[in-house]
Structure formats: structure tokens, C-alpha cells
Amino acid sequence: MTQTSDRYSNRTYRRLKALKRIGLYAGVTLVLIYMLFPYYWAIISSTKTRESLYSFSLVPSLDFSNYISLFNNPIFMGAIVNSAIIAISSSVLSLVISLLAAYALGRLHFKLSRIILICVLMISVFPQVVVLSGMFEVIGWLGFYNRPAALIFSYLLLILPFTTWVLTSFIRDLPVELEEAALIDGCSRMRILTHVLLPLMGPAIASTGLLAFILAWNEFLFALTFILTDENRTVPVAIGLLTGSSRYEYPFGQIMAASVTVTLPLLILVLIFQRKIVAGLTSGAVKG
Amino acid sequence: MASVTLKEVSKSFGAFDVLQSIDLTIEDGEFIVFVGPSGCGKSTLLRAIAGLVPVSKGDVFIGGEQVTDVPASKRGIAFVFQSYALYPHMNVARNISFALETARMAKAEIRQRLTRVADMLKIGHLLDRRPKQLSGGQRQRVAIGRALVSQPQLFLFDEPLSNLDADLRMEMRFEIAKLHAEIGTTMIYVTHDQTEAMTLADRIVILNHGRIEQVGTPRELYDRPANRFVAGFLGSPRMNFAPVHTDTSSGLLHGPSGFVFATSGTGSSQPVTLGLRPEALEIVEAGTAQSISGTFERAEDLGYEHIAYVRLSDDLVWTIRSTEPLSGHARGQAVGLGWQIKDLYLFNEAGIRVDVEAARGPVVAVQS
């Protein structure tokens, strides 16, 4: 016998359900506001004139003078190009290297693979500051100082552990029989990687590649340390070093405009790849 | 077409010995089935022959040539996987021709071979589809097509039907038998399903704990199992076993109640277990001469056959199979089980089958 005496009426349950729904949406709205407000504030501020900056208003005033002066700033425009080159090449390079490493670590069973994987994980927990001075020396020896190569090289250190780790676990999840079939079909290890595994790794490549790109695009500390002159700067540092008409003026509007501008490419990339990213992040959990 | 010879093939993963000194010769054109419980090493043995798993010790010969260290792709073999292992991102045509493409064969010849294989397996209408869009049976056909197209001298199947439902399994079993009859290539087939083993094999290899228990035709293995494991493994329901002991003073062999056996002196190997297949038993009235006594437990009617369970003691229940209905007895009713000497199997301490006539001399069943 089911107990029916201590239950509410159907109408009460219906109201409760509606109430829960309202509560849920209220919660979601709060979180969204909390997360999106800083970016919204940046957008508003970037469209304000110097005078109106200090008056509080949540409505954008649609004055694009900040953007115009920003786009006329050759240092900033050069920095965008630098950032693009460095971010793209370091993420592509790290994908290629980590894919090869991941195949070796994930599939070719050799004695050291476990130790290597643990080392890789350990490297990724070091704070950047720890490696900064050592990296500075290495870059000096290689003659990369004040060159884009310095940043590409040092970003590999930041990106590789994480891409290798993600791709290794992804490769481990692919069925072994697929690879055995390819071996019997006469494929070399390289051909297995390029013709059998790589086409199946689209989601993983997209998500790790994008995260690597974001990491390289936003990096500040190495970019500040290893680059000396304005024409080689990347965007985060260039924004930090933007100057106004006099040295006592902080060009807040322009900085906001610059921040909005450099976030746009990331937003566009995320929107393009969002489905693949989600697929890549969940693919380890559920087998297809 | 090729024979296969294994000489003392062993494989260990760390301290775990998966295969222990396997010796086996497979004739050209034979259909061999490896069968055994899970974890017996049958798949590993197949992979060792394929070259997917390097052997720890011993040698593998295919077509009389030593191939122990030859890579899988150069052994002239084809492998059909349990999961089919079709490339998910390629269509059926490309799946089948990928090996030829890898070998840089001329496009015209690839197309010609593809067409022939597709016709043979009746998958011509599926060539543009992706594996995801195929049913289990179709995927199986494509996997076989992929194996056929490289014209191997040896086919290896790793539980190819275990992912299919019962109907389809029967159909594909028939197809594989037909394929073997048509092309006559040597085939090695791994399964845990004894029906597949009994129906497909020219010879069955029964494996257990990384060793070969017995090799022989299905009939030989069923009628003359070498040991208790083989006797218990083949047959469904499995053979009934019961402990026996020899009374040294009288020379009588005592088993479950009612079972007494006159022996003509003790041989070198004492039987400790007896075996009787479910179909060798019949339910008779309790107290019938030379019958084993027990109590009736339950009957199952499968339509085409009938199974009954009879309890001999607290921890021993025997199965009886018959084409005739076995109901009509109440639960707990005392019954007898009739049997004949020709159906009796005896096993010694080591589990080896003891020949009833040879070990015991002429045997007469007597009333105790």
C-alpha cells in the first residue's frame, strides 16, 4: 500500500513546479549578469567620450572616437598582427607536437610512458613566474630575445602539457581494434595517425587547439618580459602600455575599446567551434 | 592458401602467462575453431598468428615459412574483428579498398576487386554509406568484404558473430560456412560459442588457461573427450558429473546412491569422477535395478526438447534431456535414473579420461 495521507493536493504540486521554474530562471539570470557585466561595462565605457567616462550610466553612448583613434594607432594594429601570428603558430605547432606525443604515449606501450606523462602533468602545474627567469636565459642563448620566436617558443611550454594530456586521453579512448585493422591493412604508424586516427579526432583537435589559441592570445607575463620594443609587442601588453595624450592621463576609453576589439576574434572562434568543443570535452565520457 | 604451424608458442604479459607452449599444426584449407572459456588465451593466440601480438617464445609458420617477426601486413592474412573495426569516417567502398589503396594498387584494379567482393557479399547497394548507417549484419558483411578483398592466404575471425542477435548469427554462420566452401582458404575462427564451434569447424581446438586441452573433429571431441574439462565444455546442457571411489577390498566402484560398478581389479589410474551426458539418462521408477536414485526437482519444456532436474544429494543436481516430455512427476518425488555402460565416462585424479573397458577390464553392472 502506498501512503497517500501525507501528500498535498495536485494543485499545490502544480504551483510548486511553477515556483521551482521561476526560481531556476531567476538564478540563471543572476549568474549571467554576474558573468557578463564586466564585458558589458567594457563595451559601454569604450563608446564614451573622455568627459562622460566619469558619469555613471548603463546605456552606451555610441561614440566611436575611441575605436577610431585606436585603429589609427600603428603600434596597436601591429600588436594585433603579432598576436595573431604568434597565437596561430604556437597553437598549430603545439598541436602537431602533442599529437605525435599523444600517439606515442597513448598507444605505443613503452616503459617510460607513464613517467613521461606524470612529468608532463607536473610541468603544467608550475606557476609561470617560476620558469620566467630560467626561460629568459634559454631565450637569450637561443638568440630569440625581442623576437616573436621567443614567445612562440615559450608558449609551447605553457600549451604542450595540456594539449598532450588531453589528446593522449582522447587517443586512449579510440578503439584499439581500429588500429589493428589498419596495421593489417598495411598502414605505417604515420599513416595510421594521419588517415585513421586524425579524422576521428576532429572534436578533440578543435577544442584543444582553440584553448591553446586563447592561452597564447591572452598571455601577458612572458610577452612583457621577452619583448623589448613596441613593434614586436602582442596585444595584452600593448593594451597595458597604451598612453594617452599626456603622461598624466590614463586612456581608459581607448583601453576598453582595445579590450573589446581583441576579445572579438576569440568570441567568433568559440561560436564557430562551440559544438565541436562540447563534443570534444564530453567524448571521453561517452563512447560513440 | 596456407598451412599454419605453431611451435612452442608462449606469451606472457608481465608475470601472467597467457599462452603456454602451444604446439599446433593447421592443414591447408582447413576450418579451425579455437574455443574456450573467456580468458583462456584464444584471442591472444589468434593475434599472435596475425602478428598483432608479438610472441614471447616459440615460432609461427605460415605456408611453411617462418613469420615470427614478420609484421602483420606482410603475413598474407586477413582479420575480422569482433567489433568489425570499420573506419567510421570512410564509406563502405573506401573501407574495403583501404588496404589496396595503402599498397598503392592501380585504381582500375581496386575498382574491379571491389566490385567482385561487393557482388559476392551482396553489398553493392551499400558502397556509399558510412558504417554508422549500416545494420549489424551489414557491418559484418563489410568487415568480411574488407578481409576478402586483399585475397589473403589465411582468414582469421575473432568472435565475429558475438555482437549479432540470435537470428542473424545463425544466418551469418551459414554464410561463413558457405564462404569457406567457395574459396577454400584456410580459416581460423575464435569463439566462445560451442554451437559455432561444433557447426563450423573441420577441427576444434579447445583451450583452457593458455594450454590446448584437445584438438580434434567435433565428433571426436564430443564422443571421446580427452579429459573432464573438454567433456564438460562441449554439450548443452553440460555433462553431469559425480564423484566415485573404488572399494579396494571388493573392487567395486561406488558412486552416487544406487550406482555400483563391478571392476576386475584396480588399474593404475583410479577413476575419481564419473560423467553421464543429459541425453544418456532416462527417468525410471524409483528402485529400478541399476538406476541411480534421486528426487525430482523440476521440468522445463522448450518445445523441441525437454529438460528435467533431478537432485542426487544436497549439493548435486543432474540434468536430463529428452525429446519426450519429462513432466508428470511431482517435486520431491523419488525417481531413478537409468543409464547404459556405453554412455559412461570415467576421469582420474588428474581429470584425464580413463577408458572404461581398458582400465577396468570387462565391466558388469551389478545390484548392490
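This report walks through a predicted model of two protein chains, A and B.

**Where the chains meet**

Let's start with the meeting of the two chains. On one side are 15 residues of chain A, and they are in contact with 22 residues of chain B. Together the two chains bury about 1,600 Å², and 64% of that area sits on carbon and sulfur atoms. Three residues stand out on the chain A side: Glu177(A), Ile184(A) and Asp185(A) supply 42% of the area that chain A buries against chain B, more than any other three residues.

**A helix pair in chain A**

Next up is a pair of helices in chain A. Two packed helices are described by the angle between their axes and the distance between the axes. Here the pair is α7, residues 176-184, and α8, residues 189-197, both in chain A; their axes are 10 Å apart and the packing angle is about 125°. That angle makes α7(A) oblique to α8(A). As for handedness, α7(A) passes α8(A) in a right-handed crossing.

Which residues make the contact? From α7(A) come Leu178(A), Glu179(A), Ala182(A) and Leu183(A), while α8(A) brings Arg189(A), Ile192(A) and Val196(A). Sorted by class, the contact of α7(A) with α8(A) has five nonpolar residues, two charged ones and no polar ones.

**Ala79 and Thr234 in chain A**

Now for two residues of chain A that touch one another. Ala79(A) has its place in helix α3, which covers residues 74-106 of chain A. Thr234(A), on the other hand, is in the loop between α10 (221-226) and α11 (235-240) of chain A.

Is Thr234(A) buried or exposed? With a relative accessibility of 4%, Thr234(A) counts as buried, because the cut-off for buried is under 20%. Ala79(A) is buried too, at a relative accessible area of 0%.

Their contacts, leaving aside neighbours within four places in sequence, link up nicely. Ala79(A) is in contact with Thr234(A), and also with Arg233(A), Val235(A) and Ala238(A). Looking from the other end, Thr234(A) is in contact with Ala79(A), along with Ser83(A), Ile86(A), Leu151(A) and Ala223(A). There's also a long span to point out: Ala79(A) and Leu19(A) are 60 residues apart along the chain, and their C-alpha atoms are separated by 51 Å.

**Chain B as a whole**

Over to chain B. How many helices and strands does chain B have? The secondary structure comes to nine helices and 22 strands. Along the principal axes, the C-alpha atoms of chain B fill a box of roughly 80 × 45 × 35 Å. Chain B has 368 residues, and 51% of them are buried. Among contacts in chain B with a separation of 6 or more, 66% are between residues 24 or more positions apart.

Helix α1 of chain B, residues 42-50, is mostly covered, with eight of its nine residues buried. The buried ones are Lys42(B), Thr44(B), Leu45(B), Leu46(B), Arg47(B), Ala48(B), Ile49(B) and Ala50(B). After α1(B) comes Gly51(B), with a positive phi near 90°.

Arg353(B) belongs to strand β22 of chain B, residues 353-354. In sequence, Arg353(B) and Pro271(B) are 82 residues apart, yet in space they are 8.3 Å apart, C-alpha to C-alpha. Not counting residues up to four places away in sequence, Arg353(B) touches Arg224(B), Pro225(B), Ala226(B), Asn227(B), Tyr345(B), Leu346(B) and Phe347(B).

**Backbone oddities in chain B**

Most residues other than glycine have a negative phi, and most peptide bonds are trans. Chain B has some exceptions. Two residues other than glycine with positive phi are listed here:

| Residue | Phi | Place in chain B |
|---|---|---|
| Glu8(B) | near 50° | strand β1 (residues 4-13) |
| Gln151(B) | near 45° | loop between α4 (136-149) and β7 (154-158) |

How exposed is Gln151(B)? Gln151(B) is partly exposed, with a relative accessible area of 46%.

The peptide bond between Ser236(B) and Pro237(B) is cis, with omega at about 0°. Pro237(B) is in the loop between α8 (228-233) and β11 (240-243) of chain B.

Terms used: Residues are numbered from 1 along each chain as its sequence is written. Chains are lettered from A and ligands numbered from 1 in the order in which they are written. This is a predicted model: local features need pLDDT of at least 70, side-chain atom pairs count only at pLDDT 80 or more; totals for chains, interfaces and linings use all residues. Side-chain values use heavy atoms; hydrogens and water are left out. Helices (H or I, at least four residues) and strands (E, at least two) are DSSP runs, numbered from the N terminus. Buried means under 20% relative accessible area, exposed over 50%, partly exposed in between (1.4 Å probe, protein chains only). Contact means heavy atoms within 4.5 Å. Axes are lines fitted to C-alpha atoms, for helices over the stretch in contact, and angles run from 0 to 180 degrees between N-to-C directions. Angles under 35 degrees count as roughly parallel, over 145 as roughly antiparallel, 65 to 115 as roughly perpendicular and the rest as oblique. A crossing is left-handed if the near helix is turned anticlockwise from the far one by less than a right angle, and right-handed if clockwise. Ala, Val, Leu, Ile, Met, Phe, Trp, Tyr, Cys and Pro count as nonpolar, Asp, Glu, Lys and Arg as charged, and the others, Gly among them, as polar. Buried area is the accessible area (1.4 Å probe) that two parts lose on being put together, summed over both.
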